[in-house]
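Trainee: Please take me through this model one question at a time. Keep it brisk.

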Amino acid sequence: MAISVPQASLGPLIVLSGPSGVGKSTVVERLLTHSPWPLRRAVTATTRPPRPGEIPGQSYHFWSRDQFEQAIRENRLLEWAYVFDTDYYGTPRDEVEPYRCDGQGVILVIDVQGAARIRQLIPDSLHIFLMPPDIQALEQRLRQRGDLPEDKLQRRLQTARQELAAAPQFDVIVINDSLDHAVQQIQQAIAEHLRVRGTPSSH
Ligand code: ADP
Ligand code: 5GP
């Protein structure tokens with residue numbers, strides 16, 4: 001039997017989305033280091049191979065297609081999407097639900113399709129879109145990261161143009177020009193969300 005838990009007694013759910021290379025991981029790392037609230041980044045799952053420096057279980061859960069499709073069948077994913085027409089990406093429920101039940105905040109760094117799904121499932125989640133100052137800066141950041149062959153980089157830029165069009169669907173749009181300023185704006189948005197929604201400890 002499903003147990004119904006009042007939404008506001010759960011820890012907050014924050015969604016951070018934006019095109020690949022805009023700086024989501026960089027921003028979240030900085031945010032979590034300075035977070036005044038108990039907040040954890042959910043480790044999501046993907047079928048793409050690890051990039052240099054990525055650590056399985058920390059950067060992502062790197063699953064085979066069979067493992068991913070089994071997780072879908074067993075309803076172990078809160079949301080999932082097929083991204084860049086090449087790979088599955090998805091959020092395991094056990095990366096989110098136990099922590100929220102414990103009153104902790106969880107941040108999801110996911111694409112715009114996943115964000116739309118989470119909006120339907122969890123209407124009181126806060127949705128933040130991270131924008132590049134312009135498309136040239138995005139391309140430069142993807143190149144500077146230096147971990148993608150040219151064809152994959154072009155595919156990400158093509159997807160980015162569609163993703164940027166989805167920005168108005170988000171609660172807050174933050175331009176990642178100055179990193180410090182972007183982190184500060186996200187902190188303010190979360191603080192305001194917690195004030196309006198109430199934190200679990202205030203119930
Ligand atoms: P994402 O997680 O969105 O794919 P990353 O966090 O990996 O993006 O960042 C992509 C690249 O952009 C990295 O090399 C990172 O150091 C750089 N970067 C992130 N934020 C900024 C910023 N505000 N100004 C300049 N470069 C940035
Ligand atoms: P990357 O391959 O650059 O790590 O990620 C590619 C895209 O997939 C990014 O937009 C990233 O936010 C998104 N992504 C990562 N994990 C998930 C997930 O669990 N679900 C969805 N929908 N997108 C994800």
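**Ligands and fold**

Trainee: How far is an oxygen atom of ligand 2 from an N or O atom in the side chain of Tyr60?

Mentor: This is a predicted model, where local features need pLDDT of at least 70, side-chain atom pairs count only at pLDDT 80 or more, and totals for chains, interfaces and linings use all residues. Residues are numbered from 1 along each chain as its sequence is written, chains are lettered from A and ligands numbered from 1 in written order, and side-chain values use heavy atoms, leaving out hydrogens and water. A polar contact is a pair of N or O atoms within 3.5 Å. The Tyr60 side chain and an oxygen atom of ligand 2 make such a pair at 2.5 Å.

Trainee: How much of the accessible area of ligand 2 does the protein cover?

Mentor: The area comes from the Shrake-Rupley method with a 1.4 Å probe. On its own, ligand 2 has 510 Å², and the protein covers 96%.

Trainee: Which residue offers a polar backbone atom to an oxygen atom of ligand 2?

Mentor: One side-chain contact comes from Arg51, at 3.3 Å. The backbone contact is 3.4 Å long and comes from Val109.

Trainee: Which elements give two or more residues to the shell around ligand 2?

Mentor: Helices (H or I, at least four residues) and strands (E, at least two) are DSSP runs numbered from the N terminus. The two elements are strand 5 (77–83) and strand 6 (87–92).

Trainee: How many residues surround ligand 2?

Mentor: A residue counts if one of its heavy atoms lies within 4 Å. Arg48, Tyr60, Glu79, Tyr89 and Arg156 are the closest. Strand 6 gives the most, with 3 residues. The full shell holds 18 residues.

Trainee: Which residue has a side-chain N or O atom 2.9 Å from a nitrogen atom of ligand 1?

Mentor: Ligand 1 also has an oxygen atom 2.6 Å from the side chain of Thr26. Another contact is to a polar backbone atom of Lys24, at 2.8 Å. The nitrogen contact is to Asn176.

Trainee: How much of ligand 1 does the protein cover?

Mentor: Alone, ligand 1 has 570 Å² of accessible area. The covered share is 77%.

Trainee: Which elements give two or more residues to the shell around ligand 1?

Mentor: That shell has 14 residues. The elements are helix 1 (24–33) and helix 5 (135–145).

Trainee: How many helices and strands are in the protein chain?

Mentor: The C-alpha trace spans about 50 × 40 × 30 Å along its principal axes. The chain has 7 helices and 9 strands.

Trainee: What is the radius of gyration of the protein chain?

Mentor: The globule rule, 2.2 Å times the number of residues to the power 0.38, is the yardstick, and C-alpha atoms are used. For 203 residues the rule gives 17 Å, and the chain is close to that, so it is as compact as a globular protein of that length. Its radius of gyration is 17 Å.

How values were computed:
A polar contact is a pair of N or O atoms within 3.5 Å; within protein, one must be able to donate a hydrogen and the other to accept it, and residues adjacent in sequence count only if both atoms are side-chain atoms.
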